[in-house]
Amino acid sequence: MSDQSQGTVSEAQAPLGEADPATVIVFGNEKGGSGKSTGSMHVVVALLRLGFKVGSLDLDMRQWTLTRYLSNRAASMRNDGIELPMPTHVFLSRSEKANRAEAEAEDRKRFEAVLTKLRAECDFVVIDCPGTDTYVGRLAHGYADKLVTPINDSFIDLDMLANVDGKTGEIIKPSVYAEMVWEARKQRAQRGGAPLDWIVMRNRLSSLAARNKLEMERVVATLAKRVGFRVAPGFSERVIFRELFLRGLTMLDVFEIGDSGRPQLSHVAARQEVRGLLNALQLPNRIPTPHDRTATYEAIETPSLIGEAEES
Ligand SMILES: Nc1ncnc2c1ncn2[C@@H]1O[C@H](COP(=O)(O)OP(=O)(O)O)[C@@H](O)[C@H]1O
Ligand SMILES: [Mg+2]
């Protein structure tokens, strides 16, 4: 069966429909280069290919990786004459106000306006956070239904979750980031929403069954209980996760557009890993909102989306 138009709908559970707000999936941590943008892009495309209407929001005002990935995708459509499903993508532009409190107030207003709009119009909203602690990054964590934290498979990255004693492997204390997630959980609870579901995903796994890898697995499982997250099967270290960036494609697209100039086995395995992540997210059942799947991409800058330009 093809990947297209088959949102997972079971009759036993009443699925969410158009009137229900989108589920918000945030990719976050406080470390660059761990796979947030790669993970975001793959989840966006996986959901699109299931027929869902997807909103994507890039909060990384330094790198704009997800925005560049999607604009490469739009260029591929134009240049190669292929049709690719696209999200409604927004990149949040930073307030230019000099006063910090005023700038934060404006950033908050923009972020909340964009999120409200995307949640109302889409089935899922995927937010790609920067790898540093920023004001809007924190805000996003407070609105996450699902928080996905990719970590590279090394003890250096584990430090993002908790400070672990190098000798004994004992957990000394949760990290600053884990405390920030704790805060986000509290904010959510105060607003009366369902609890935040935090998922840690190991990324760039080596194919070797090295001792380090097994030790990581053990420590991550211990941390999961202590810090309060679930562990998703991660992505292996694969060239394919990198090399399609310039064309704005993922291997979920490669099959659909019949681009078969490359060996297929690693594509199949990589696609399986992306599906594994999607399953691990345990997303709610939804009926995909009908929408124009061939709509051409237009990255929308925040002020024009929320009509700030006309206002001022
Ligand atoms: N599983 C993987 N296999 C190979 N390369 C990867 C994998 N995940 C990420 N990368 C590469 O690592 C770099 C950092 O990934 P990125 O998603 O941009 O991280 P972040 O958004 O957390 O900074 C990118 O060059 C990306 O292509
Ligand atoms: Mg990134």
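**Note on the ligand 1 site and one aromatic pair**

1. In this predicted model, ligand 1 is surrounded by 15 residues (a heavy atom within 4 Å). The closest are Gly 33, Lys 36, Thr 38, Ser 236 and Arg 242. Residues are numbered from 1 along each chain as written, chains are lettered from A and ligands numbered from 1 in written order. Local features need pLDDT of at least 70, side-chain atom pairs need pLDDT 80 or more, totals for chains, interfaces and linings use all residues, and side-chain values use heavy atoms, without hydrogens and water.

2. By class, the shell around ligand 1 has 2 nonpolar, 8 polar and 5 charged residues. Asp, Glu, Lys and Arg count as charged; Ala, Val, Leu, Ile, Met, Phe, Trp, Tyr, Cys and Pro as nonpolar; the others, Gly among them, as polar.

3. Polar contacts here are pairs of N or O atoms within 3.5 Å. A polar backbone atom of Gly 35 is 3.0 Å from an oxygen atom of ligand 1. Nitrogen atoms of ligand 1 lie 3.0 Å from a polar side-chain atom of Asn 203 and 3.0 Å from a backbone N or O atom of Arg 238. The protein buries 84% of the 560 Å² that ligand 1 exposes when taken alone (Shrake-Rupley, 1.4 Å probe).

4. Two elements give two or more residues to the shell around ligand 1: helix H1 (36-49) and helix H8 (240-243). Helices are DSSP runs of H or I, at least four residues, numbered from the N terminus. H1 gives the most, with 3 residues.

5. The structure holds 7 aromatic pairs (ring centres within 6.5 Å). The rings of Tyr 69 and Phe 245 have centres 4.9 Å apart and planes at 75°, so this pair is edge-to-face (over 60 degrees). Tyr 69 is in helix H2 (residues 65-80) and Phe 245 in the loop between H8 and helix H9 (251-256), so the pair links parts of the chain 176 residues apart.

Methods:
A polar contact is a pair of N or O atoms within 3.5 Å; within protein, one must be able to donate a hydrogen and the other to accept it, and residues adjacent in sequence count only if both atoms are side-chain atoms. Rings of Phe, Tyr and Trp (its six-membered ring) pair if their centres lie within 6.5 Å; planes under 30 degrees apart count as stacked, over 60 as edge-to-face and the rest as tilted.
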